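Q: Please take a close look at a single part of this model, namely one sheet and what packs against it. A formal, connected account would be appreciated.

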Amino acid sequence: IADRREGIGVCGWILVSISFLLVLITFPISIWACIKVIREYERAVVFRLGRILSKKARGPGLILTLPCTDTFIRVDLRTVTCNIPPQEILTKDAVTTQVDGVVYYRIHSAVSAVANVTDVHSATSLLAQTTLRNVLGTQSLAQLLAGREEIAHSIQAILDSATEQWGIKVARVEIKDVRIPVAMQRAMAAEAEAAREARAKVVAAEGEMNASKALKQASMVLAESPAGLQLRYLQTLTTLAAENNSTIVFPLPINMFDSLGWKNRGG
């Protein structure tokens with residue numbers, strides 16, 4: 001629509017001339033009806049006899065309009081936050097989930113936003129809901145939980161391409177929450193607990209194997225030195241006595257002194 005070059009015709013120019021003459025006759029009272037103030041974050045799309053007056057929106061600041069032939073629509077260029085309500089989605093692996101998100105977008109072409117779509121905000125919201133369902137329907141539950149950022153970028157690219165002709169620029173898409181049924185949560189928790197128990201048993205078995213190897217090497221070293229075995233025995237008793245405040249009675253074989261190099265001296 002913004003590319004149309006047809007004029008308003010002879011009748012249109014006659015009506016514009018009459019309107020301009022009325023403004024001049026009633027000046028300066030009519031000037032207050034002609035001056036419009038457009039804010040910094042707004043743009044005005046002016047229609048003259050039903051046609052868009054210019055390919056570009058006017059503003060910010062003061063603009064002049066003819067009271068009888070001109071009308072205008074204000075367009076807000078600030079970023080809009082669009083909440084996507086929870087969507088019931090069936091994932092690729094047949095799991096029912098509820099996913100909601102948020103879309104940040106802004107209008108970069110006021111003329112396209114007014115002329116190409118009836119309600120640009122409602123259209124963008126509905127398109128975001130549909131795109132969210134379509135994209136997440138091709139993902140499994142594991143991919144949905146682990147790859148939120150990649151999915152959000154994919155949704156943003158699709159929305160940005162589809163809303164370009166509406167004068168919309170999608171700045172960011174975020175997936176806020178993913179809710180799954182309670183039964184599925186319990187099943188996933190049981191699966192995770194079983195996996196942790198299996199890993200714990202594997203770690204314990206590896207520890208036992210390493211300990212057995214170390215004990216084997218230690219027994220081979222002690223077997224070469226009987227005195228070292230007895231000293232290790234005494235060291236263990238010392239450790240037990242230090243940890244527990246108690247009296248320990250243990251038998252002391254006579255051949256222990258022989259292994260230490262002492263001779264049995266009979267009386």
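Over how many bridges do strand β7 and β8 pair, and in which sense?

A: Strand β7 (residues 96–107) pairs with β8 in the antiparallel sense, over 10 bridges. The model is a predicted one, in which local features need pLDDT of at least 70 and side-chain atom pairs count only at pLDDT 80 or more, while totals for chains, interfaces and linings use all residues. Residues are numbered from 1 along each chain as its sequence is written, and side-chain values use heavy atoms, with hydrogens and water left out.

Strands here are DSSP runs (E, at least two residues), as are helices (H or I, at least four residues), and both are numbered from the N terminus. Two strands count as paired if DSSP finds at least two bridges between them. One bridge of β8 joins K169 to R106.

The open sheet consists of 3 strands in the order β6-β7-β8, with antiparallel pairing. Because β6 (80–90) and β8 (168–179) stand at the edges, each with a single partner strand, one side of each has no neighbour in the sheet. From one strand to the next, the twist averages 20 degrees.

Two helices lie across these strands. Helix α4 (residues 120–136) crosses β6, β7 and β8 and runs at about 35 degrees to β6. Helix α6 (residues 148–162) lies across β7 and β8, at about 145 degrees to β8. Such angles run from 0 to 180 degrees between N-to-C directions, with axes fitted to C-alpha atoms, for helices over the stretch in contact; contact means heavy atoms within 4.5 Å.

Individual residues show the packing in detail. T97, in strand β7, is buried, with a relative accessible area of 1%; buried means under 20% (1.4 Å probe, protein chains only). Leaving aside residues up to four places away in sequence, T97 touches several residues, including Q87, I89, L141 and R179. V173, in strand β8, is likewise buried, at 5% relative accessible area. Its contacts beyond four places in sequence are V102, V103, A152, I155, Q156 and L159. The C-alpha atoms of V173 and C82 are separated by 9.6 Å, although the two residues are 91 residues apart along the chain. V103 in turn touches V173, and among its other contacts outside that sequence window are V80, C82, A128 and L159.

V103 also belongs to the largest nonpolar core, which has 30 residues; V99, V103 and L136 touch the most other members. A nonpolar core is a set of buried Ala, Val, Leu, Ile, Met, Phe, Trp, Tyr and Cys residues joined through side-chain atoms within 4.5 Å. α4 gives the most to this core, with 6 residues.

Note on methods: Buried < 20%, exposed > 50% of the residue type's maximum accessible area, 1.4 Å probe, protein only.
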